[in-house]
Amino acid sequence: MPNSNTSPFEKFVEKIQSFMPGTGRKKHRTYQRREIPRDQHNVSRSAISEPAKKVLHRLNKSGYEAYLVGGGVRDILLGGQPKDFDIATNATPEEVHDLFRNSRLIGRRFRIVHVVFGREVIEVTTFRGNAIEADDDADDDDRRTSEHGLLLRDNVYGSQEEDALRRDFTVNALYYCIRDFTVIDFAGGVEDLKNRQLRLIGDPETRYREDPVRMLRAIRFAAKLGFDIEPNTEEPIRKLAPLLTHIPPARLFEEVLKLFSAGYGEATYDLLRKYNLLAPLFPETVRALDNGEPDELIRQALRNTDARIAKGKSVTPYFLFAAMLWPALQAEWRHRQDNGDPVQPALHGAIAKVIGRQVQATSIPKRFSGPMKEIWEMQMRLPRRQGKRAFMAMSHPRFRAAYDFLLVRESAGEIEPGLGQWWTDFQATDERGQERMLSELSADVPKKRKRKRKPANRN
């Protein structure tokens with residue numbers, strides 16, 4: 001019989017550990033609350049934004065528990081400066097909302113609170129309960145899984161301990177208490193930070209089946225942090241990668257943006273390929289690559305994107321998707337021409353087919369798919385510069401993006417160098433210089449001989 005003196009946390013840990021790999025065969029990884037005092041960690045209040053501190057202090061002064069949690073704590077411990085700050089509390093969303101006039105409630109089933117300070121938004125969540133197994137008295141409607149193990153609903157409030165162990169990775173289950181300056185670690189996250197490794201809490205296969213997007217999060221964090229994926233956490237990924245096809249395309253579109261807009265795009269791409277995770281996201285691209293299409297343009301585009309992000313510049317989703325789908329487009333375009341379609345109709349048909357198939361995997365909003373098509377179509381127009389065509393091309397709203405795409409194609413060795421430099425010079429010179437460049441261009445074009453017309457037969 002179970003010990004009646006066992007604490008709720010100990011019961012919860014036993015429940016979590018029953019899902020650990022190798023049950024009955026090897027020692028479980030143990031979970032135990034550990035408080036790390038101020039003199040043993042490097043988290044400083046100076047590294048926390050003023051809005052985040054205001055939210056923490058007001059919740060504490062109002063009698064609630066409140067902690068900085070997740071990536072903010074992780075990144076400070078790693079010596080970085082977080083961009084976002086999340087807070088976990090035992091206050092309900094309605095109680096948080098009542099405390100802050102500058103807040104709004106988000107979500108339906110499980111509500112969170114956004115406290116808005118100008119451009120900075122502090123996300124506040126109520127401690128959540130165990131996502132692995134429902135308590136006996138939990139509402140069945142609040143916890144449901146699909147036939148594949150996908151967690152369809154997870155809407156149970158819980159304790160801080162439960163909140164920690166339902167998180168995905170140990171390094172994201174760290175809390176900072178601003179009252180006594182301690183870091184609270186329930187899952188050995190500090191140790192994993194020191195070892196620079198990502199480890200899932202609980203049985204990896206179960207956790208991935210609950211939410212296959214966790215596999216993408218593993219890749220994103222591994223690329224961003226430069227961490228290794230712990231062997232047990234890594235082992236099921238290739239086998240379970242097809243589960244991503246059960247995730248709504250709209251959600252996967254958002255995940256793709258997170259993957260490639262964090263400044264580590266090329267490293268992310270390599271990991272996605274390594275773990276067979278690119279295929280569920282870009283099935284036509286992977287098919288084209290497997291059939292021999294080169295991926296250097298993708299890599300060059302991701303390098304350029306990483307460089308832009310490092311300089312604090314923005315990146316456009318349609319440019320990213322134009323690059324990721326380019327091998328698929330090239331393969332389909334060539335196939336149609338081989339079947340006898342003229343060049344331009346073949347391109348338009350290829351665009352329609354590639355996008356039509358892609359949106360079944362990751363949806364692409366029309367505000368992005370339209371510009372993406374234009375970037376592709378402009379690749380046919382940019383070589384045609386005679387007469388007024390160059391000025392007409394420059395006046396196109398997508399000229400700059402198409403020009404950048406052309407430069408990527410040149411850098412990738414897809415086309416001969418020269419055209420990109422011509423357009424660079426053409427944009428930089430004045431009107432007289434542009435006219436001179438166009439005249440030189442016309443002079444280099446061999447004139448067509450006029451064919452003599454035969455005299456009409458008057459008989």
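**Exercise 1.** Which side chain meets Arg-209 in a salt bridge, and what is the N to O distance?

*Solution.* Keep in mind that this is a predicted model.
- Step 1: Look around Arg-209; the side chain of Glu-205 meets it in a salt bridge, at 3.2 Å from N to O.
- Step 2: Check this against the cut-off, which asks for a Lys or Arg side-chain nitrogen within 4 Å of a carboxyl oxygen of Asp or Glu.
- Step 3: Place the pair in the fold: both residues belong to helix α7 (residues 204-210), where they sit 4 residues apart, about one turn of the helix.
- Step 4: Add the accessibility. Arg-209 has a relative accessible area of 28% and is partly exposed, and Glu-205, at 23%, counts as partly exposed too.

**Exercise 2.** Now try Glu-210 and Arg-214: are these salt-bridge partners buried or exposed?

*Solution.*
- Step 1: Confirm the contact; the closest N and O atoms of Glu-210 and Arg-214 are 2.9 Å apart, and the two form a salt bridge.
- Step 2: Recall that buried means under 20% relative accessible area.
- Step 3: Apply this to each partner. Glu-210 has 4% relative accessibility, so it counts as buried; Arg-214 has 9%, so it is buried as well.

**Exercise 3.** Find the parts of the chain that the salt bridge between Arg-111 and Glu-94 ties together.

*Solution.*
- Step 1: Start with the distance: 3.9 Å separates the closest N and O atoms of Arg-111 and Glu-94.
- Step 2: Locate the ends. Arg-111 is in the loop between β4 (103-106) and β5 (112-117), while Glu-94 is in helix α4 (residues 93-99), so the pair joins parts 17 residues apart in sequence.
- Step 3: Classify the partners: Arg-111 is partly exposed at 31% relative accessibility, and so is Glu-94 at 37%.

**Exercise 4.** Step back to the whole structure: how many salt bridges does it hold, and which residues are linked with Arg-299 in a network?

*Solution.*
- Step 1: The total is 29 salt bridges.
- Step 2: Arg-299 is linked in a network of salt bridges with Glu-266, Asp-270, Asp-295, Glu-296 and Arg-303.

**Exercise 5.** Describe the second largest pocket and its lining.

*Solution.*
- Step 1: Take the volume; the second largest pocket holds about 470 Å³ of space.
- Step 2: Its lining has 18 residues, and those nearest the centre are Asn-304, Arg-308, Ser-314, Phe-319 and Asp-404.
- Step 3: Trace these to elements: α15 (296-310), α16 (317-324) and α21 (399-411) each give two or more residues to the lining.
- Step 4: Sort the lining by class, which gives 9 nonpolar, 4 polar and 5 charged residues.

Key: Residues numbered from 1 in each chain as written. Predicted model: local features only at pLDDT ≥ 70, side-chain atom pairs only at ≥ 80, totals over all residues. Heavy atoms only, no water. 1 Å grid on protein atoms, 1.4 Å probe; cavity = no way out; pocket = protein on both sides within 12 Å on 5 of 7 lines; lining within 4 Å. Points joined across faces, edges and corners; volume = space filled by probe spheres on them. Nonpolar A, V, L, I, M, F, W, Y, C, P; charged D, E, K, R; others polar. Buried < 20%, exposed > 50% of the residue type's maximum accessible area, 1.4 Å probe, protein only.
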